[in-house]
Amino acid sequence: MYHFERMKEKDALQLLKWHYSQPYHFYNWEEGPEALHELLHQNYYSVFDETGQLAGFTSYGQAAQVPGGFQIQLYNEQSIDLGLGMHPSRTGSGQGLAFVQAAVVHCASLYPDKQIQLAVAAFNERAIKVYERAGFQQKLSFRSRVKGEDILFIAMTKK
């Protein structure tokens, strides 16, 4: 079971220290006041496991949108964008499906009339497999510049 709470400073500071290895380093946060401000003042939630440990985070709406999605008019009033990340030590350990399912339930409770969509880096095949197992379907692909890199993304929507 996972528990969701609005992001607090102590959790944001911990999250900013997470470091993913290659090729997932793309998901690392750049520590600093701008990132801390975003986590505390945008639509971010801390996700805790049954022992109370910070297991990950979710974001909704604008906080979960990828810049390149605007160019292809991906974002609309009928959908809510979901962003999520697990603690680096938990990735690849079989916990992803339960984490994503919990995030979908939480998102749907906040935005019951919206279709849930997300954008995932195309190279992140293990996340794509988890999203598909959670009921997401690939919709389209697009490119976006993120941290100086041109990245191919896949937009996925929940069935």
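**Aromatic pairs and the buried face of α2**

Both W29 and Y44 are buried in this predicted model. The two residues form an aromatic pair, one of 15 that the structure holds. A pair of aromatic rings is described by the distance of the centres and the angle of the planes. For W29 and Y44 the centres lie 5.8 Å apart and the planes are at 65° to each other, an edge-to-face arrangement. Y44 belongs to strand β2 (residues 44-48), whereas W29 is found in the loop between α1 (9-15) and α2 (33-41); the pair therefore ties together parts that are 15 residues apart in sequence.

Ring pairs also link a cluster made up of Y20, Y24, F26, Y27, F123, F142 and F153. The ring of Y24, a member of this cluster, in addition has the charged end of R126 over it, at 4.2 Å from the ring centre.

Helix α2 has buried residues at A35, L36 and L39. Viewed down the helix axis, these buried residues fall within an arc of 100°, so they line one face of α2. An α-helix has 3.6 residues a turn, so residues three or four places apart point the same way. The face of α2 turned away from the buried side carries P33, E34 and H41, which are exposed. The cover over the buried residues of α2 includes α1 and β2. Strand β2 thus appears in both descriptions: Y44 of β2 pairs with W29, and β2 is among the elements that cover the buried residues of α2.

Methods. Residues are numbered from 1 along each chain as its sequence is written. This is a predicted model: local features need pLDDT of at least 70, side-chain atom pairs count only at pLDDT 80 or more; totals for chains, interfaces and linings use all residues. Side-chain values use heavy atoms; hydrogens and water are left out. Rings of Phe, Tyr and Trp (its six-membered ring) pair if their centres lie within 6.5 Å; planes under 30 degrees apart count as stacked, over 60 as edge-to-face and the rest as tilted. Helices (H or I, at least four residues) and strands (E, at least two) are DSSP runs, numbered from the N terminus. Buried means under 20% relative accessible area, exposed over 50%, partly exposed in between (1.4 Å probe, protein chains only). A charge sits over a ring if NZ of Lys or CZ of Arg is within 6 Å of the ring centre and within 35 degrees of the ring normal. The arc is that of the directions from the helix axis to the C-beta atoms. Contact means heavy atoms within 4.5 Å.
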